[in-house]
Amino acid sequence: MTKINWMDEVEKRKENLLKDTQNLLHIKSLLDEENTFPDAPLGKGVKEALDFMLNLGEKDGFIPKNVGNLAGHLEFGEGEELLGILCHVDVVPEGDGWSSDPFAADIRDGKIFARGAIDDKGPTMAAYYAMKIVKELGLPLKKRVRMIIGTDEESDWRCVEHYFEHEEMPALGFAPDADFPIINAEKGVADMDFVQKPTGEETGKVEVISFISGKRYNMVPDHATVTLNSIENQMDVVQRFTDYMKRHQLEHHSHVKNGELILEVKGISAHGMEPKKGINAGLFLADFLSKLELNAAASDYFKFVSHYFHNDSRGINLGVDYSDDVSGELTINPGKLSYTRQSGGSIGLTCRYPVTNNMEETKEKLDQLLEAKGFAIEKFKDTKPHYVDENEFLIQTLKNVYEEHTGEKAYLIAIGGGTYARSLKSGVAFGPLFPGRPDIAHQKDEYILIDDLLKATAIYAQAIYELAQ
């Protein structure tokens, strides 16, 4: 058989690839549980993105299937075994501070800017066109090839849970939802809420009416706001707030509304798997508030948040720090912080723990500490770590393909993020972010380089062909 120039095949389809990518990025596919419908159980936006992919695939001759309006797949080829490509079309909230509309998918400086450009709509379209190339070339395959499309990856994974309750599990596969070369180890993901127990109320010089920061466990909050009823001099609190935020070089605002003092802080958003890449606005505001003479319950809450989380994303003060050679350090991101005088305080966090860490033991330590501090764990959800041995056919094949296209060594990586690859026994994350590129997933002005999108498409096409042998 004549050797295929995969990059040439991508270039032939470049215009349509970019157009379809932009059209998918235009869809505001955010989880919306407050506006659900029987045919859109997670909201209309994510369902629209799922329908977009299924309709596109049907038009191009793939066999489409909608699975409970939560997930779907596109399939081609023949064979007993199934190769899976696991993608998702939901995105995290856009956040503030963008240079252009987050859903306009503007192209400038050789990049497509949009929420979801790198995580995961751009890569989804790259993998789709990779399948399309293999299919259109009529190449002989020994396995069926199936793109599985989820709509709840950024939250609770209800899509893949539902999908695999009803559909076949692929024998092997990859998720184009992280970094090149190959991610064969993914940390465990434990999401949980620390909730403050009710206490007898006492007054303080400053009463906290409400405090809120962050929307998702897996995002570093880039905004925080607190409303105070200051019994003593409001200007003193404002001056202390201004001094503190200037000292930490953070953007901040204060104003009075109906006699109440409102303080706001801006940070920098980042993926919760590595909190050090962002600036958690909620933790800085909580640290400041912990130094004021607050009403008792608020004082306990903000001192707890400040001591156990501010400047400590490794769980050291909580007594649960851990690391291993396979997957690195345990990390903790408090992504949802809130306090009201009626219901007290809560901290919603994601803990990304190493492959060899025992989460049951970690949770026991946390339970003991929280009991003593007047908190308790609620809404605990644990997704176990994932690891694939380097010697497996899947990894050896992907290593060869990657090295052939890039001329660089295909080393293995462990990450704190969770990708759909962990849904498979033999599954890895494979691209699209090339070594040395900044990771701007979940950040403002998220983008994908067009050259990288095309290169990833060529790599995926060859990978699909060789894995399906």
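Start with the whole chain in cartoon view: this predicted model has 11 helices and 24 strands. Its radius of gyration is 24 Å, close to the 23 Å that the globule rule gives for 469 residues, so the chain is as compact as a globular protein of that length. Turn it along its principal axes and the C-alpha trace spans about 80 × 45 × 45 Å.

Now switch on the surface. About 19,300 Å² is exposed, with carbon and sulfur atoms supplying 46% of that. Colour by burial instead, and 58% of the 469 residues come up as buried. If you draw contacts between residues at least 6 apart in sequence, 77% of them join residues at least 24 apart.

Next, pick out the aromatic rings. The whole structure holds 26 aromatic pairs. Go to Phe 211 and Tyr 301, an edge-to-face pair with 6.4 Å centre to centre and 65° between the planes. This one links distant parts of the chain: Phe 211 belongs to strand β11 (residues 206–213) and Tyr 301 to helix α8 (residues 296–309), 90 residues apart. Check the burial colouring here, and both Phe 211 and Tyr 301 are buried.

Stay on helix α8 and select Phe 302 together with Tyr 339. These two rings make a tilted pair, at 5.9 Å centre to centre and 50° between the planes. Phe 302 lies in helix α8 and Tyr 339 in strand β17 (residues 331–340), so the pair ties together parts that are 37 residues apart in sequence. Phe 302 and Tyr 339 are buried as well.

For a bigger group of rings, select Phe 174, Phe 180, Tyr 402, Phe 430, Phe 434 and Tyr 460: ring pairs link them into a cluster.

Then look for charges over rings. Show Lys 336 with Tyr 217, and you'll find the charged end of the lysine over the tyrosine ring, 4.4 Å from its centre. Do likewise with Lys 363, which lies over the face of Phe 380 at 5.2 Å from the ring centre.

Last stop: Val 265, in strand β14 (residues 260–266). Is Val 265 buried or exposed? Its relative accessibility is 0%, and buried means under 20%, so Val 265 counts as buried. Which residues does Val 265 touch, not counting those up to four places away in sequence? Light up Asp 222, His 223, Ala 224, Phe 241, Met 245, Leu 250, Glu 251, His 252, Ala 281 and Leu 285. To finish, draw a line from the C-alpha of Val 265 to that of Ile 118: these atoms are separated by 27 Å, and the residues are 147 apart along the chain.

How values were computed: Residues numbered from 1 in each chain as written. Predicted model: local features only at pLDDT ≥ 70, side-chain atom pairs only at ≥ 80, totals over all residues. Heavy atoms only, no water. Helix = DSSP H or I, 4+ residues; strand = E, 2+ residues; numbered from the N terminus. Buried < 20%, exposed > 50% of the residue type's maximum accessible area, 1.4 Å probe, protein only. Contact = heavy atoms within 4.5 Å. Phe/Tyr/Trp six-rings, centres within 6.5 Å; stacked < 30°, edge-to-face > 60°. Lys NZ or Arg CZ within 6 Å of the ring centre and 35° of its normal. Rg over C-alpha atoms; globule rule 2.2 N^0.38 Å. Areas by Shrake-Rupley, 256 points an atom, 1.4 Å probe, with all protein chains shown as cover.
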